[in-house]
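Q: I would like to learn how to read a model like this one, feature by feature. Please show me the sequence and structure.

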Amino acid sequence: METPVDRIEKSFHRKILLYQDLLEVLKQERKNIMASDVDSLWQLSNSKQEIAAKIEEIRKEILNALSETAVDHDMDITSFRSSRVLSLLPGDAADRLRGVHVSLNIIKDEVQTMAGENRNFIEEYLKILDDLIGVIANAGQNQPTSDYGWQGPEKSKANLLLHKEV
């Protein structure tokens, strides 16, 4: 018969697989960000949400298995920590799960790194767009004539993009 510790171990393995799936989604997201494929980015966002929901379900399963062993864990889905799970298990069970836990932490770190890189890339891209819009918007503005001040408006260099009538 399967013990609660066996179920926790299987759950950890399933979490590893889900995090690997998430890593692949993040890699694809990076490619789509570079290609500016907004439709695909929305689909990938849905995939990430589905994976996150599955990870939460596994957390529930682990917490239920802990409860079955009469372990007072004081955790819920949001405060769940796999390291805390290990600390609550008896020594032999914790030792058995330690290797899986290390693998889980490694893949989690990879996911966090990739997500951070994607976020930074998007922020840089948006900053560049903001700078370009600023240049376009200021094309018809007063131009400095020296280091000491501004001269009046230029006569013929109006910003045609922003002042064009529809």
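Q: Which elements do the buried residues of α4 pack against?

A: They pack against α1 and α3 (82-88). Packing is read from contacts, meaning heavy atoms within 4.5 Å. The elements are DSSP runs numbered from the N terminus: helices are H or I over at least four residues, and strands are E over at least two. This is a predicted model in which local features need pLDDT of at least 70 and side-chain atom pairs count only at pLDDT 80 or more, while totals for chains, interfaces and linings use all residues. Residues are numbered from 1 along each chain as its sequence is written, and side-chain values use heavy atoms, with hydrogens and water left out.

Q: Which residues are buried in α4?

A: The idea is to look at relative accessible area: buried is under 20%, exposed is over 50%, and partly exposed lies in between, with a 1.4 Å probe and protein chains only. Among the buried residues of α4 are Ala93, Leu97, Val100, Leu104, Ile107, Val111 and Met114, along with His101 and Lys108. Across the chain, buried residues make up 30% of the 166 residues.

Q: Is Gln112 buried or exposed?

A: Gln112, which sits in helix α4, has 57% relative accessibility and so counts as exposed. Sequence and space also make a handy contrast here: Gln112 and Leu26 are 86 residues apart in sequence, yet their C-alpha atoms are 9.9 Å apart.

Q: And what does Ser11 touch?

A: Ser11 belongs to helix α1 and has a relative accessible area of 3%, so it is buried. Leaving aside residues up to four places away in sequence, Ser11 touches Ile58, Glu61 and Ile62. Of those partners, Ile58 and Ile62 are among the buried residues of α2 (38-68), a set that packs against α1 and α3.

Q: How many helices and strands are there in the chain?

A: There are 5 helices and 2 strands, and along the sequence they follow the pattern α-α-α-α-β-β-α. To see how the chain comes together, take the contacts between residues at least 6 apart in sequence: 55% of them join residues at least 24 apart.

Q: What span should the residues of a helix such as α4 have?

A: The expected span is 1.5 Å times one less than the number of residues. For the 47 residues of α4 (residues 91-137) that gives 69 Å, and the end C-alpha atoms are 66 Å apart, so the two agree. The 31 residues of α2 should span 45 Å, which is also the distance between the end C-alpha atoms. For the 32 residues of α1, the expected span is 46 Å and the end C-alpha atoms are 46 Å apart.

Q: Where is the kink in α4 centred?

A: A bend at a residue is the angle between axes fitted to the seven residues ending there and the seven starting there. In α4 the kink is about 40° and is centred on Arg98.

Q: Where does phi take a positive value?

A: One such residue is Ser36, which is not a glycine and has a phi near 55°. Ser36 comes just after α1, in the loop between α1 and α2, and is partly exposed at 41% relative accessible area. Ala70, just after α2, has a positive phi of about 65°. Asp74 has a phi near 50°; it lies in the loop between α2 and α3 and is exposed at 62%.

Q: How many residues line the largest pocket?

A: On a 1 Å grid over the protein atoms alone, a pocket is an open set of points with protein on both sides within 12 Å along at least five of seven lines, unlike a cavity, where a 1.4 Å probe fits but cannot get out; lining residues have an atom within 4 Å of a point. Here 15 residues line the largest pocket, and Tyr19, Leu22, Leu26, Val111 and Ala115 lie nearest its centre. The elements giving two or more residues to that lining are α1, α2 and α4, and α4 gives the most, with 6 residues. The space in this pocket is about 220 Å³, where a volume is the space filled by probe spheres set on grid points joined across faces, edges and corners.

Q: Which element has the lowest mean pLDDT?

A: pLDDT is the predictor's confidence in each residue, from 0 to 100. Helix α5 (residues 160-163) has the lowest mean among the elements, 49, and helix α1 (residues 4-35) the highest, 94. Over residues 155-162 the pLDDT is below 50, and this stretch has 10 contacts in the model beyond near neighbours in sequence. Where pLDDT is low, the predicted coordinates should not be read in detail. For the chain, the mean pLDDT is 84, with 83% of residues reaching 70 or more.
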